[in-house]
Amino acid sequence: MTQLLPATPENIARAAEVLKNGGLVAFPTETVYGLGANALDEQAAQKIFTAKGRPTADPLIVHLAGVEQATLVARSVPETAYRLMQAFWPGPLTLILPKQPAVPGLVTSGLATVAVRVPNHPVALALMKESGLPIAAPSANRFGHTSPTTAQHVWHDLRGRIDIILDGGSAAIGVESTVLDLSTTPARILRPGGVTREMLEAVLGPVTVLGQRRKAEPGLPSPGLLEKHYAPRAEMILFVGERAWDALNACLTEQRLARKVGVLAADEEAGVLEQAGAVVYRMGSDLNSIARHIYAGMRWLDGQGVDVILCRDYGTSGLGLAVRDRLSRAASRIQNAE
Ligand code: TXA
Ligand code: MG
C-alpha cells in the first residue's frame, strides 16, 4: 500500500521513520521528485532498483542535508568541489567524488566514485535532517519514463510499489541536476541540468560537455546516460536547426490528416498550431518555464492520447542545453532543418 500524503511536519516525521526502517519514500526536490532510501543500507537501496525496474548498472545520487555530511559518503573532497558546493549548494548540482567504503557498491553500481548533492527544497532537507541519513534517490519514475515533477506523476508510475509519497507541489526547476565529473581537467558535464554551463564556468573557468551515446558502452563515464531515456509513450519528433519551426509546421500539416498530433510549444507559438489542428501543451515563454514544463507536457500529451508529439529546440545557452538534452533523449527521431 502506498500512502500519498501532504508534506506536513508530522508526515515528514513518519516518512523519516520509514526510511530508518529500510523503506522507500518519494519526496519533492527543486528539480524533480526523488525516490529515496537509506544510502548506507544495501537492502533498502535494492528496493529502489526493484520498484523502478531500473538496471543495477545505473548508479544512484546520494542526497545530503548539508556540505558537512559530504565526508560521510566521499573519501576525499577536492578544493574545487568545496568551491562549487559553496557556490551552488543547496541546489541542482551533483558532484562525482571518490567513494567511502561505507556506501554499498550497489548504490554506485560498483564504481569507485559516488554522486552527491544537497537539494534546495525544504521538504527534502527536513526529511534528511529528521532521519539523520544520507538518502540515495533517483528520479521517482519507472525506468525509461519521463521524470516526475508532481506527486501525481509519482503516484501514476509507482503506486503499490513504494511506502510513502510526500506531496510538496510542483518542482520549481523541472529538469534534473547537472552531473559534474571533477576527475578530469577541465571538469566535464556528464548531464546538463539546473546549474548551467555558464554558471559553472563563472566559478571554474572552462568546462566540457560529454556528447550523447546511443547504446551502453563499456567504460561509459556515467552509465545512466543512454541516449534514449525520459521517453513519453507516443512517438516524439524533435526539430533542430534554423528552420526547425517551419519544418515542425510542415510535419503537422502532413501528419494531422492521419494521426492525432500533439505539440510541446512556447505560449506565443500555441495559437497558430492549434489552428492547424494540433493538441498543444503550452510551456510558457522563457527557458525557465519551458524547462519546468517539458516533462509535465509529455505526460499530459500522452494522457490526451496523441499518436505523435512534435517539439523544437530552444538553443544551447543557459537552461537551453538541458532542455535540448532531455528533448533529444525523449525523441524517437531528430530532424535537422538547417
Ligand atoms: O535532480 C536530480 O538529480 C534528481 C533528483 C531526485 O535529485 N535525481 C536524478 O537521479 O535525476 P537519476 O538516478 O535519475 O540520475 C542520476 C544520474 C544518472 O545519469 C547516473 O548515471 C549518474 O547520475 N551517476 C550517478 N552516480 C554516478 C557516478 N558515480 N559516476 C557517474 N555518474 C553517476
Ligand atoms: Mg532518472
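What follows is a walk through a predicted model, from its eleven-stranded sheet to its helix contacts and a second group of strands.

The sheet is the place to begin. Eleven strands form an open sheet in the order β1-β8-β2-β3-β7-β4-β6-β5-β9-β10-β11, and the pairing is mixed. β1 (3–6) and β11 (208–209) stand at the edges with a single partner strand each, so one side of each has no neighbour in the sheet. Helix α7, residues 197–204, packs on this sheet and touches β5, β9, β10 (188–191) and β11. The direction of α7 makes about 35 degrees with that of β9.

Strand β5 shows how the pairing changes from one side of a strand to the other. Strands of a sheet pair through backbone hydrogen bonds, in either a parallel or an antiparallel manner. β5 spans residues 93–98 and lies between β6 and β9 in the strand order. With β9 (residues 178–181), β5 runs parallel, and four bridges join the two. Within that pairing, Thr94 has Val179 of β9 as its bridge partner. With β6 (residues 113–117), β5 runs antiparallel, again through four bridges. Here Leu95 has Val116 of β6 as its bridge partner. β5 is also mostly covered, with five of its six residues buried.

On from β6, the next strand in the order is β4. β4 covers residues 61–63 and is joined to β6 by three bridges, the two strands running parallel. His63 stands opposite Arg117 of β6. β6 therefore has an antiparallel pairing with β5 and a parallel one with β4, which fits the mixed pairing of the sheet.

The helix pairs come next. Two packed helices are described by the angle between their axes and the distance between the axes. Take helix α1 (residues 9–20) and helix α5 (residues 122–131): their axes come within 9 Å and cross at roughly 55 degrees. At that angle α1 counts as oblique to α5, because it falls outside the ranges for roughly parallel, roughly antiparallel and roughly perpendicular. The crossing of these two helices is right-handed. From α1, the residues in the contact are Ile12, Ala13, Ala15, Ala16, Leu19 and Lys20, and they meet Val123, Ala126, Leu127, Glu130 and Ser131 of α5. By class, the contact of α1 with α5 has eight nonpolar residues, one polar and two charged. The spacing within each helix can be read against helix geometry. An α-helix has 3.6 residues a turn, so residues three or four places apart point the same way.

The other pair is helix α8 (residues 244–255) with helix α9 (residues 267–275). The axes of α8 and α9 come within 11 Å and cross at roughly 30 degrees. Angles under 35 degrees count as roughly parallel, so α8 is roughly parallel to α9. This crossing, too, is right-handed. On the α8 side the contact is made by Trp245, Leu248, Asn249 and Leu252, and on the α9 side by Glu269, Val272 and Leu273. These residues divide into five nonpolar, one polar and one charged.

Helix α8 also holds Cys251. Is Cys251 buried or exposed? Its relative accessible area is 9%, which is under the 20% limit, so Cys251 is buried. Leaving aside residues up to four places away in sequence, Cys251 touches Ile237, Phe239 and Leu310. Cys251 and Val261 are ten residues apart in sequence, and their C-alpha atoms are 9.6 Å apart in space.

Val261 leads to strand β13, residues 261–265. Five of the five residues of β13 are buried, so the strand is largely enclosed by the rest of the structure. The cover extends to both faces: Val261, Val263 and Ala265 are buried on one side, and Gly262 and Leu264 on the other. β13 runs parallel to two strands. Three bridges join β13 to β15 (residues 308–312), where Ile309 is the bridge partner of Gly262. Four bridges join β13 to β14 (residues 279–282), where Val280 is the bridge partner of Val263.

The last element is helix α11, residues 320–330. Ten of the eleven residues of α11 are buried, so by the 20% limit this helix is mostly covered. Among the buried residues are the charged Asp325, Arg326 and Arg329, together with Leu321, Val323 and Leu327.

Notes: Residues numbered from 1 in each chain as written. Chains lettered and ligands numbered in written order. Predicted model: local features only at pLDDT ≥ 70, side-chain atom pairs only at ≥ 80, totals over all residues. Heavy atoms only, no water. Buried < 20%, exposed > 50% of the residue type's maximum accessible area, 1.4 Å probe, protein only. Pairing = 2+ DSSP bridges. Contact = heavy atoms within 4.5 Å. Axes fitted to C-alpha atoms, helices over the stretch in contact; angles between N-to-C directions. Parallel < 35°, antiparallel > 145°, perpendicular 65-115°, else oblique. Left-handed = near helix turned anticlockwise from the far one by under 90°.
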